[in-house]
Amino acid sequence: MTQADYPDTYYARTRNDGRGRPSLHGDLTVDACVIGGGLAGANAALGLTERGRSVALIEAKRIGFGASGRNGGFLNAGFSLPGSALIKRVGLDRARALRALAEDAVALIARRVEAYQIVCGLEQTGHMLVSWFDDRAAIEGYRAELARNFGVETEIWPRERVRESYRTARYFDGLYNPKGYQFHPLNYVLGVVGAAEARGVRVHEDSPAMAVEPHGGGWRVATANGSVTARDVVVACGGYIGGLTPRIGRAILPIATYVIVTEPLGARIDEAIRVRYATYDDRFAQDYYRRLPDTRLLWGGRISVRYAPPAAVQRFMLRDLLRVFPQLAGVRVEAAWGGLMSYARHRMPQVGRLETGLWYAQAFGGHGMDTTTMAGELIAAAIAEGDDTYRRIDDTFGLDWAGGPAGLAYAQMTYWRYRFRDWLRS
Ligand SMILES: Cc1cc2nc3c(=O)[nH]c(=O)nc-3n(C[C@H](O)[C@H](O)[C@H](O)COP(=O)(O)OP(=O)(O)OC[C@H]3O[C@@H](n4cnc5c(N)ncnc54)[C@H](O)[C@@H]3O)c2cc1C
């Protein structure tokens, strides 16, 4: 069997671990079987092996094949559900406690990069929120809210300063958060898996789990040419879960989102963007982008429920880029791709236990770098130590049915409605 390959992304072209892992042949027995080699699965596997458990990690395609290896590479603490909505849902104290888990996860990532010497270009460049709207009061209000509710200190940039750094009249004021990081997400997930392997985790690519069934007081996970028997199973398949474990899969909607990367721009990039912050704007349908170390521009945005092919992605994303920075007309796009995120209706992660020994970690939406790490730790601690911190999330944000095809149609309409609202406001 030929090995499945990564989609043609900038990250896959520049990954620093070209090794393939063998597919699963034969029957394995371990303490825990993790299904899904994205960051949720990788972190659960690493957390479990760090706690002395024997682990098998099985991935349908390649490690980091899904959203974890294709994303924008923005890392900061938070959730897809905005802080104000989280407070409305669970109250200020519980919202603070949840946010603290996300902050711990960011700190853990930085520690692991150092401890396991993961080469992924992790850099604390800071994140910049630029406003698409002439509304200074809104930015000031947001700054005050972040400081009051979560103790996050940010700095307002007046529009003159924003336009010095971003050579476009599209933006007004900005909000700079020095705590934000950026990195090469595929190299990061490969590094986490490499660390888990070095501690003895068995990793199998090209091994889609086809069934998860109760077996002798635990579970048996069947693949085409083998099986894993384990007391605990962690289902971490993100937006790629398909029909596996329908009770878990029906709780998310797979939503596509897109990225392009340009050719190296050399000095020309300064005609548009003079800072290295990971940048995003404040529309619902926002653009986000960052300068890569070799002067390429990585540009992301848009969502859809139907997956767009690379040629279409290249076209519509370049149009978005030139709408903000027309001076970059003529730049060549060297890679264009999409990926699937998993969203729950409540827009919070789903981290918990469906029944004894059957765990799930999914629904990280567009904010998954910190939250997948958080989920991996919570589940590893629950399995290995009986820790029930995961219930802080699971008791409120459970596996509600996401609505199937009607839910997808509703998600698409909501996106279009918000785009229209952004357009009216601008
Ligand atoms: C284009 C894009 C940009 C994004 N930008 C950012 C960003 O800048 N910052 C941020 O914080 N978040 C971002 N996100 C979100 C973030 O990437 C995700 O929330 C996160 O990576 C989800 O991780 P995961 O492990 O749940 O899923 P995935 O990374 O999708 O992993 C799931 C894995 O499960 C495997 N799988 C599925 N079914 C099976 C099966 N039956 N058997 C075995 N394996 C299976 C899949 O092949 C896949 O590898 C972005 C997402 C996308 C798509």
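What follows is a chat about a predicted model, going from its ligand shell to its helices and a few single residues.

Colleague: Hi! Let's start with the ligand. Which residues come nearest to it?

Modeller: Hi! The model is predicted, so keep that in mind throughout. There are 42 residues around the ligand, and G38, G66, G72, G238 and G368 come nearest.

Colleague: And which elements give two or more residues to that shell?

Modeller: Those are α2 (39–50), β12, β16 and α10 (368–385).

Colleague: How many nonpolar, polar and charged residues does the shell have?

Modeller: The shell around the ligand has 19 nonpolar and 20 polar residues, plus 3 charged ones.

Colleague: You listed α10. How many of its residues are buried?

Modeller: In α10, 15 of the 18 residues are buried, so the helix is mostly covered. From its first C-alpha to its last, α10 reaches 25 Å, close to the 26 Å expected at 1.5 Å a residue.

Colleague: What comes just after α10?

Modeller: G386, with a positive phi of about 70 degrees.

Colleague: Changing topic: how many residues are in the largest nonpolar core?

Modeller: The largest nonpolar core has 127 residues. C33, I35, V234 and I379 have the most contacts inside that core.

Colleague: Take I379. What is it in contact with, leaving aside neighbours within four places in sequence?

Modeller: I379 is in contact with A44, V234, V351, W359, A361 and Y390.

Colleague: OK, now A105. Where is it found, and is it buried or exposed?

Modeller: A105 is found in helix α4. It counts as buried, because there are 22 C-beta neighbours inside 10 Å and the cut-off for buried is 20 or more.

Colleague: Which residues is A105 in contact with, again skipping the four places on either side?

Modeller: A105 is in contact with D370, T371, T373, M374 and E377. A105 and M369 are 8.8 Å apart in space, C-alpha to C-alpha, with their positions 264 residues apart in sequence.

Colleague: On to α9. Which of its residues are buried?

Modeller: V313, M317, L321 and V324 are the buried residues of α9. They cover an arc of only 55 degrees around the axis, which means they sit on the same side of α9.

Colleague: What do they pack against?

Modeller: Strands: β12 (253–262), β14 (287–291), β15 (297–304) and β16 (333–343). On the face turned away from that buried side, α9 carries the exposed residues A311, R319 and R323.

Colleague: And how far does α9 reach?

Modeller: Helix α9 covers residues 310–324 and reaches 21 Å from its first C-alpha to its last, close to the 21 Å expected for its 15 residues.

Colleague: Let's look at α5 too. Which residues are buried there?

Modeller: I139, R143 and F150 are buried in α5. Seen down the axis, the buried residues of α5 fall within an arc of 90 degrees, so they line one face of the helix.

Colleague: What covers that face?

Modeller: The cover over the buried residues of α5 includes α3 (83–90), α4 (92–115), β5 (155–157) and β6 (174–177). Turned away from the buried side are the exposed residues A137, G141, A144 and R148. Just after α5, G151 takes a positive phi of about 65 degrees.

Colleague: G151 and G386 are glycines. Which sign does phi have in most other residues?

Modeller: Most residues other than glycine have a negative phi. This model has T245 with a positive phi of about 40 degrees, and R302 with a positive phi near 60 degrees.

Colleague: Where are those two, T245 and R302?

Modeller: T245 is found in the loop between β11 (226–235) and α8 (246–249), while R302 lies in strand β15.

Colleague: How do they count for exposure, T245 and R302?

Modeller: T245 counts as partly exposed, with 19 C-beta neighbours inside 10 Å. R302 is partly exposed, with 19 other C-beta atoms within 10 Å.

Colleague: Last one: L408. Where does it lie, and what is it in contact with?

Modeller: L408 lies in helix α12 (residues 404–425). Leaving aside its neighbours within four places in sequence, L408 is in contact with L253 and V305. L408 is partly exposed, with 17 other C-beta atoms within 10 Å. L408 and G368 are 20 Å apart, C-alpha to C-alpha, and 40 residues apart in sequence.

How values were computed. Residues are numbered from 1 along each chain as its sequence is written. This is a predicted model: local features need pLDDT of at least 70, side-chain atom pairs count only at pLDDT 80 or more; totals for chains, interfaces and linings use all residues. Helices (H or I, at least four residues) and strands (E, at least two) are DSSP runs, numbered from the N terminus. The expected span of a helix is 1.5 Å times one less than its number of residues. A residue is buried if 20 or more other C-beta atoms lie within 10 Å of its own, exposed if 12 or fewer, and partly exposed in between; C-beta atoms are placed from the backbone. The arc is that of the directions from the helix axis to the C-beta atoms. Two residues are in contact if their C-beta atoms, placed from the backbone, lie within 7 Å. A residue is near a molecule or strand if its C-beta atom, placed from the backbone, lies within 6 Å of it. Ala, Val, Leu, Ile, Met, Phe, Trp, Tyr, Cys and Pro count as nonpolar, Asp, Glu, Lys and Arg as charged, and the others, Gly among them, as polar. A nonpolar core is a set of buried Ala, Val, Leu, Ile, Met, Phe, Trp, Tyr and Cys residues joined through C-beta atoms within 7 Å.
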